[in-house]
Amino acid sequence: MATAITEGTIGSDLYCEGDLIFDDQNLADTAATTSDEFMLAQTMGAAQINIVAGADGIATGDTYVVTVVTSPTSGGTFNDTIITQDVTVTTADEGDAILQIAIPREIDECYAKLVITTTGDSTDDEVTAYQVGVC
């Protein structure tokens with residue numbers, strides 16, 4: 001059974017509901033916001049996680065520490081950090097790119113969580129994150 005495409009405009013990223021990690025998620029203030037677990041697809045190094053400004057955008061500007069942690073099993077201990085990236089965001093409108101994370105080729109298909117830790121007042125910051133295949 002096919003999965004319906006829930007977002008996208010011709011010329012922009014298309015992703016399915018199962019690839020949505022955060023949907024207009026407000027970020028915690030000077031703390032970590034952690035996603036539910038998701039299947040991190042790995043097709044020969046062609047998986048990417050995109051983070052964009054959510055519907056309310058980003059008004060405050062802040063530094064984020066974006067981390068991807070994995071587990072080989074669903075519900076497991078997510079203690080294998082595969083990526084940590086600092087990103088500074090000033091302001092962004094809905095849909096503006098914040099960060100694109102290319103998953104390293106050597107990572108096998110596994111379960112993952114996306115963690116965004118903020119260092120300042122981020123209560124008005126809203127992000128959407130999703131997984132796409134790239135070539």
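Which residue in β8 does Val69 stand opposite? That would be Thr81. Keep in mind that this is a predicted model.

## β7 and its neighbours

Val69 and Thr81 are a good way into the strand pairing. β7 teams up with strand β8 (residues 80–89) in the antiparallel sense, over nine bridges. There's another partner to look at: strand β10 (residues 110–118) also runs antiparallel to β7, and eight bridges join the two. Pick Val66 as a marker here, and its bridge partner in β10 is Ile116.

How many of the 10 residues of β7 are buried? Eight are, so β7 is largely enclosed by the rest of the structure.

## A negative patch

Over on the surface, a negative patch is formed by Asp23, Asp24, Asp29, Asp56, Asp93, Glu94, Asp96, Asp121 and Asp124. Take Asp56, which sits in the loop between β6 (47–53) and β7 (62–71). Its relative accessibility is 60%, so Asp56 counts as exposed because the cut-off for that label is over 50%.

Asp24, another member of the patch, is placed in strand β3 (residues 20–26). Here the relative accessible area is 31%, so Asp24 comes out as partly exposed.

## Positive phi values

Asp24 is worth a second look for its backbone too: its phi is near 50°, a positive value in a residue other than glycine.

Thr30 is a further case, with a positive phi of about 45° although it is not a glycine. Thr30 lies in the loop between β3 and β4 (32–34), while Asp24 belongs to strand β3 itself.

Terms used: Residues are numbered from 1 along each chain as its sequence is written. This is a predicted model: local features need pLDDT of at least 70, side-chain atom pairs count only at pLDDT 80 or more; totals for chains, interfaces and linings use all residues. Side-chain values use heavy atoms; hydrogens and water are left out. Patches are made of residues with over 30% relative accessible area and no salt bridge: like charges are joined within 9 Å, nonpolar side chains (Val, Leu, Ile, Met, Phe, Trp, Tyr) within 5 Å. Accessible areas come from the Shrake-Rupley method with a 1.4 Å probe; for residues, only the protein chains shown count as cover. A salt bridge is a side-chain nitrogen of Lys or Arg within 4 Å of a carboxyl oxygen of Asp or Glu. Lys and Arg count as positive and Asp and Glu as negative; His and the chain ends are not counted. The place of a charge is taken as NZ of Lys, CZ of Arg, CG of Asp or CD of Glu. Helices (H or I, at least four residues) and strands (E, at least two) are DSSP runs, numbered from the N terminus. Buried means under 20% relative accessible area, exposed over 50%, partly exposed in between (1.4 Å probe, protein chains only). Two strands pair if DSSP finds at least two bridges between them.
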